[in-house]
Amino acid sequence: MSVTEIKHLMIPDGQMRQFARKPHASRTRTILSILLCLLGAARSDAAELKQKTLQAWEAYAQTANLAMEQRAAGRSPFLWVDESPDLLRRVRSGELVVSNLDHADVPSGLIHHWVGAMFLPGVTLDEVNAVFKDYDHYPDFFRARVVKVKVLEQREDYQKITTLVVQRAFGVTGAVEADNEVHIIKLDARRVYSLSNATRVQEVADYGRPEERLLSENRGPGYVWRTISINRLEQRDGGVYIEMEMIGLSRGIPMGFGWLIKPLIEHMPRTIMLDTLKDTRNAVTERIERDLGQDQKVAQRGGVNDSGLGNQKGSHAAGDQDRERSRENHLQ
């Protein structure tokens, strides 16, 4: 398929058409395969992170960290959604909001900067935090992407973890192993944020095959060179606002193909962000339900083993009501 034929499948603003018929869908898959070959992504370990690209990334990362410090200090809104009444209204109504933030050009690379937000009513900051800190269950919470998590060091305000993340798209599998340092800053009883920085990133060649191997740092297909993530949590309005910023550095687009490839590489991070928000919401709900179920089992066992069954049931019921009133007061 020629470049001219590919262009006929694009609408003027550069966005890919939505194809309904199978022949068109097949042609779209063919285009995607061509794009992946153009990027050199398919089982290639020839790309190398250039010094000028790394310097541009470090400057961008510093700017992102300073912006978070401004939020924490109160010189700008702590939450991104508080910058716009419309954004706040949308998340309060239950919408998962995702946006691509503008960023500067990077020589021989791409910086992907996405932010996502949601509001979970009826939950507490502690309940959400418990999910974020439960690294042992990350492969269950985020099973579509997170394969393995190993905790190397853990304190109340600091964790160091190793993760293996796998992303499958368009018939190609990208796997990345990384060491991440996570700093947790609690501003007050209702606001907390975390900064996660990847201190080591190595792509996995031939993932899932007998010849699977770790590539050298700063070499590989270039799916991910560097990553930073920022999470912000605030409890108010009867629930918890959750915001996530994901910032990543990858290899650049071959000259002359930006018009073709950009719509696709911008679609994938959006999908990942939406899936992460959904998985987080489900994980919080499931953990609360699991904890409530365990409490009920303990209460039932206590009632059966006690000769004063009626009084115990009444005592447990009163205790449950007291805990619920305490929870509601905590949310107000």
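This report describes the overall make-up of a predicted protein model, then two of its enclosed elements, and then its salt bridges.

## Overall make-up

The predicted model contains eight helices and 11 strands. Of the 332 residues in the protein, 40% are buried, and the surface that the protein exposes comes to about 18400 Å², with carbon and sulfur atoms supplying 49% of that area.

The contacts give another view of the fold: when those with a separation of 6 or more are considered, 62% of them are accounted for by residues that stand 24 or more positions apart.

## Helix H5

Helix H5 covers residues 125–132, and because six of its eight residues are buried, the helix is largely enclosed by the rest of the structure. The buried residues of H5 are Leu125, Glu127, Val128, Asn129, Val131 and Phe132.

## Strand E10 and its partners

Strand E10, which spans residues 226–236, has nine of its 11 residues buried, and it is therefore largely enclosed by the rest of the structure. E10 pairs with strand E7, made of residues 191–205, in the antiparallel sense over seven bridges, and within this pairing Tyr193 is found opposite Arg232 of E10.

E10 also runs antiparallel to strand E11, which covers residues 239–251, and 11 bridges join these two strands. Arg226 stands opposite Leu249 in E11. E10 and E11 together form a hairpin with two residues between them, and Asp237, which lies in the turn, has a positive phi of about 60 degrees.

## A salt bridge from E10 and its network

Side chains of opposite charge can pair when their charged atoms come close. The structure holds 19 salt bridges, and one of them brings together the side chains of Arg236 and Asp82, with a distance of 2.8 Å from N to O. This pair links distant parts of the chain, since Arg236 belongs to strand E10 whereas Asp82 sits in the loop between helix H3 (51–73) and helix H4 (85–92), 154 residues apart.

Asp82 has a relative accessible area of 31%, so it is classed as partly exposed. Arg236 and Asp82 are also members of a network of salt bridges, in which they are linked with Arg92, Glu234 and Asp237. Asp237, the turn residue of the E10 and E11 hairpin, is thus named in this network as well.

## Two further salt bridges

Another salt bridge is formed by Arg200 and Glu177, whose side chains meet at 3.1 Å, N to O. Because Arg200 lies in strand E7 and Glu177 in strand E6 (residues 172–186), the pair ties together parts that are 23 residues apart in sequence. Arg200 is buried, with a relative accessible area of 14%, and Glu177 likewise counts as buried, at 17% relative accessibility. Strand E7, which holds Arg200, is also the strand that pairs with E10 over seven bridges.

Arg90 forms a salt bridge with Glu95, and the closest N and O atoms of this pair are 2.9 Å apart. Here both partners fall in the range between buried and exposed: Arg90 counts as partly exposed at 23% relative accessibility, and Glu95 counts as partly exposed at 32%.

How values were computed. Residues are numbered from 1 along each chain as its sequence is written. This is a predicted model: local features need pLDDT of at least 70, side-chain atom pairs count only at pLDDT 80 or more; totals for chains, interfaces and linings use all residues. Side-chain values use heavy atoms; hydrogens and water are left out. Helices (H or I, at least four residues) and strands (E, at least two) are DSSP runs, numbered from the N terminus. Buried means under 20% relative accessible area, exposed over 50%, partly exposed in between (1.4 Å probe, protein chains only). Contact means heavy atoms within 4.5 Å. Accessible areas come from the Shrake-Rupley method with a 1.4 Å probe; for residues, only the protein chains shown count as cover. Two strands pair if DSSP finds at least two bridges between them. A salt bridge is a side-chain nitrogen of Lys or Arg within 4 Å of a carboxyl oxygen of Asp or Glu.
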